[in-house]
Amino acid sequence: MRKILILVTAVAGCTTTPVGSPPEFSPPERAVEREAMFNPSFTNPVLTSSLGPSPRASLWTGERGSLLGDRRAMQRGDIMTVVIEIDDSAEFSNSSDRSRSASQQAGIPQLLGIPQRLDPRLPEGASSADLVDLNSQSSSSGDGSVSRNERLTLRVAVTITDVLPNGVLEIVGQQEVRVNYELRELIVTGFVRPEDITRQNEITYDKIASARISYGGRGQITDMQQPRYGHQVLESVLPF
């Protein structure tokens, strides 16, 4: 009985989702976005003139908090929105047709009188003048087609985690939504130029360099869609 309990416990430990519990959220304390917000980059204070009132008292200053100020994300710890609208389709079609035929005949009607001495010893109807007669014919044809259609529309808030020496911004964003026992996870990372950020503090995914967009999930439904570990091991080992 004890061995059975140990076996059941080991099998339960191989599952990604705890038995009877929904998948847990990723701890926000370990996220790089939180670290960037707690330790933003150093910015120079706005120089004020001693001959006039402070620029903060005017509605027309260029400060981010003013009425006409630029509120786009520009420094470490700022947040912007990434708009993901992927609508890709591809279709490939290939066909090939190949055929080949060959015929070979070989014999030794005259070779130092050997065929004349050999023919009487051969079975009836056999002759050394036509020893080998080969014919071969092969043909192959193949058709292949690939059709793919992908569509994904998402919006996610990302955080600037670093400002590179050339002014390019490194962004990281993670979003998790849990419904019952299934957790959907969206991860976006990459590099963007400040001038590509719109006045609405948004940027489209096609302007992100080295973009890494991952949309998946964890939970009971995802576990059911994956083959068990034993099946995966057998498929990687068996040669047929």
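Me: In which strand is Glu182 found?
Reply: This is a predicted model, and its strands are numbered from the N terminus. The element that spans residues 182–192 includes Glu182. That element is strand 4.

Me: Is Glu182 buried or exposed?
Reply: The relative accessible area of Glu182 is 9%. A residue counts as buried under 20% and as exposed over 50%. Because 9% falls under the lower cut-off, Glu182 is buried.

Me: Which side chain is joined to that of Glu182 by a polar contact of 3.3 Å?
Reply: Beyond four places in sequence, Glu182 is in contact with residues including Pro23, Val177, Gly217 and Thr222. The polar contact of 3.3 Å is made between side chains, and the partner of Glu182 in it is Arg184.

Me: Over the face of which residue does Arg184 lie?
Reply: Arg184 shares a polar contact with Glu182 through their side chains. Arg184 also lies at 5.5 Å from a ring centre. The ring belongs to Tyr215.

Me: How many aromatic pairs does the structure hold?
Reply: A pair would require ring centres within 6.5 Å. The number of such pairs in the structure is 0.

Me: What separates Glu185 and Arg218 in space, C-alpha to C-alpha?
Reply: Glu185 is also found in strand 4, and Arg218 is among the residues it touches. The two are 33 residues apart in sequence. Their C-alpha separation in space is 7.8 Å.

Me: With which side chain does the side chain of Glu185 make a polar contact?
Reply: Not counting residues up to four places away, Glu185 touches several residues, among them Ser26, Gln175, Tyr215 and Gly216. The polar contact has a distance of 3.0 Å. The partner side chain is that of Gln174.

Me: Where is Pro194 found, and is it buried, partly exposed or exposed?
Reply: Pro194 belongs to the loop between strand 4 and strand 5. Its relative accessible area is 28%, and the range between 20% and 50% is the intermediate class. Pro194 is therefore partly exposed.

Me: What distance separates the C-alpha atoms of Pro194 and Leu169?
Reply: Pro194 touches Arg72, Gly167 and Leu169 when residues up to four places away are not counted. Along the chain, Pro194 and Leu169 are 25 residues apart. Their C-alpha atoms are separated by 7.0 Å.

Me: Which side chain makes a polar contact with the side chain of Asp196?
Reply: Asp196 is found in the loop between strand 4 and strand 5 and counts as buried, at 16% relative accessibility. Beyond four places in sequence, Asp196 touches Glu202, Ile203 and Lys207. The polar contact, of 2.9 Å, is with the side chain of Arg193.

Me: How many helices and strands does the protein have?
Reply: Along the sequence, the pattern reads α-α-β-α-β-β-β-β-β-α-α. The secondary structure comes to 5 helices and 6 strands.

Me: What percentage of the residues in the protein is buried?
Reply: The accessible surface comes to about 18,500 Å², with 54% belonging to carbon and sulfur atoms. The protein has 240 residues. The buried share of these is 20%.

Me: In which element is confidence lowest?
Reply: The mean pLDDT of the protein is 75, and 67% of its residues reach 70 or more. Confidence is highest in strand 5, at 94, whereas the lowest mean, 48, belongs to residues 2–13. Over residues 4–9 the pLDDT is below 50, and this stretch has 0 contacts beyond near neighbours in sequence. The element of lowest confidence is helix 1.

Technical notes:
Residues are numbered from 1 along each chain as its sequence is written. This is a predicted model: local features need pLDDT of at least 70, side-chain atom pairs count only at pLDDT 80 or more; totals for chains, interfaces and linings use all residues. Side-chain values use heavy atoms; hydrogens and water are left out. Helices (H or I, at least four residues) and strands (E, at least two) are DSSP runs, numbered from the N terminus. Buried means under 20% relative accessible area, exposed over 50%, partly exposed in between (1.4 Å probe, protein chains only). A polar contact is a pair of N or O atoms within 3.5 Å; within protein, one must be able to donate a hydrogen and the other to accept it, and residues adjacent in sequence count only if both atoms are side-chain atoms. Contact means heavy atoms within 4.5 Å. Accessible areas come from the Shrake-Rupley method with a 1.4 Å probe; for residues, only the protein chains shown count as cover. Rings of Phe, Tyr and Trp (its six-membered ring) pair if their centres lie within 6.5 Å; planes under 30 degrees apart count as stacked, over 60 as edge-to-face and the rest as tilted. A charge sits over a ring if NZ of Lys or CZ of Arg is within 6 Å of the ring centre and within 35 degrees of the ring normal. pLDDT is the predictor's confidence in each residue, from 0 to 100.
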